[in-house]
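User: Hey, I'm new to this one. Can you walk me through it while I look?

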Amino acid sequence: MRLLLISCFLYISFSAKASQIALIIDDMGNNKKDAMAFTLPSNVTFAILPNKHLSKIFSKRATAQQREVILHMPMESLAGNNQEKNVLLSNMPPTQIVKMLKIALSTVPDAVGVNNHMGSRLTQLTLPMSVTMEFLSEQGLFFVDSRTTRYTKAEAIAKKNGVLSAKRNVFIDHIPSSEQIDKQFHRLLSLSKKHGYAVGIAHPYPQTLEYLKVHLQTLQKHGIELVKLSDVLSSGSTYAYHSNTKSQPISPAPKFQSSMKSKSR
Ligand SMILES: [Zn+2]
């Protein structure tokens with residue numbers, strides 16, 4: 001009887017646990033206007049681009065708010081490599097990759113983790129990802145796979161190297177219209193209800209920030225808690241979720257190059 005009561009109690013406490021969402025604002029540091037994001041709740045993580053004049057300023061300001069900061073590391077996309085300076089490229093030797101990661105981190109000094117900016121090519125490649133994850137493991141940093149391609153190996157390689165990790169489940173403003181932002185936000189909530197937690201990535205667009213400011217206040221009503229990113233990290237398997245990203249796996253398929261759109265992330 002006693003055992004039954006204890007089991008019931010455990011069951012009830014488990015079911016009563018709120019579903020969790022973690023939210024990342026990517027691409028911080030490109031623009032002075034991104035500072036509007038500092039009015040969001042401090043559990044929202046900022047992914048700050050390195051080597052910008054605002055990188056260190058934003059890193060310090062976010063940390064002063066007890067906000068988690070991660071390095072938003074530019075990685076080579078399928079579209080080519082001219083979209084950002086200081087991008088990790090597939091043809092770089094391991095020493096160069098490590099050197100660039102070190103320089104980038106020195107400009108986002110408060111980073112407790114890393115996620116990829118672009119990277120639809122690089123995250124498919126075992127060697128550069130292994131070098132990156134070995135470095136993160138040495139530095140005690142976690143990794144969040146932005147999943148800019150469904151063929152990414154980044155999270156699997158992170159786990160293999162003992163790096164705590166998570167992956168993006170929903171892009172909130174991939175299409176930055178108010179209808180889509182609302183739709184994607186609710187998708188994030190329903191995934192977190194289904195799986196216990198979900199990770200969303202948004203950008204510091206004015207319409208997104210306005211939306212989040214209002215709607216993050218309604219989470220409690222939905223039985224959902226906004227937690228810090230480090231609260232949803234795992235070292236084991238996480239639930240599989242494939243987004244509708246359209247990119248192709250890297251293989252010598254002849255039609256590959258011509259079918260790629262220049263908008264690849
Ligand atoms: Zn980005």
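User: What's the handedness of the crossing of helix 6 and helix 7?
Analyst: That crossing is right-handed, a term used when the near helix is turned clockwise from the far one by less than a right angle (anticlockwise would be left-handed). Helices here are DSSP runs of H or I with at least four residues, strands are E runs with at least two, and both are numbered from the N terminus.

User: Is this an experimental model or a predicted one?
Analyst: It's a predicted model, where local features need pLDDT of at least 70, side-chain atom pairs count only at pLDDT 80 or more, and totals for chains, interfaces and linings use all residues. Residues are numbered from 1 along each chain as its sequence is written.

User: Back to the pair: at what angle do helix 6 and helix 7 pack?
Analyst: Helix 6 (residues 178–195) and helix 7 (residues 206–215) pack at about 45°, with axes 10 Å apart. So they count as oblique to each other, the class left over once angles under 35 degrees are called roughly parallel, over 145 roughly antiparallel and 65 to 115 roughly perpendicular.

User: Which residues meet there?
Analyst: From helix 6, Ser178, Ile181 and Phe185; from helix 7, Gln207, Thr208, Tyr211 and His215. Contact means that C-beta atoms, placed from the backbone, lie within 7 Å. By class, the contact of helix 6 with helix 7 has three nonpolar, four polar and no charged residues. Nonpolar covers Ala, Val, Leu, Ile, Met, Phe, Trp, Tyr, Cys and Pro, charged covers Asp, Glu, Lys and Arg, and the others, Gly among them, are polar.

User: And Ser192, buried or exposed?
Analyst: Ser192, in helix 6, counts as buried because it has 27 C-beta neighbours inside 10 Å. The cut-off for buried is 20 or more other C-beta atoms within 10 Å, exposed is 12 or fewer, and partly exposed lies in between.

User: What does Ser192 touch?
Analyst: Leaving aside neighbours within four places in sequence, its contacts include Ser19, Gln20 and Ile224. Ala18 is 174 residues away from Ser192 in sequence, yet their C-alpha atoms are 9.3 Å apart.

User: Switching to strands: which way do residues point from strand 5?
Analyst: Phe142 and Val144 point one way and Phe143 and Asp145 the other, and all are buried. In a regular strand, side chains alternate between the two faces of the sheet.

User: In what sense do strand 4 and strand 5 pair?
Analyst: Parallel, over three bridges; pairing takes at least two bridges found by DSSP. Val114 stands opposite Phe143.

Technical notes
Axes are lines fitted to C-alpha atoms, for helices over the stretch in contact, and angles run from 0 to 180 degrees between N-to-C directions. Two residues are in contact if their C-beta atoms, placed from the backbone, lie within 7 Å.
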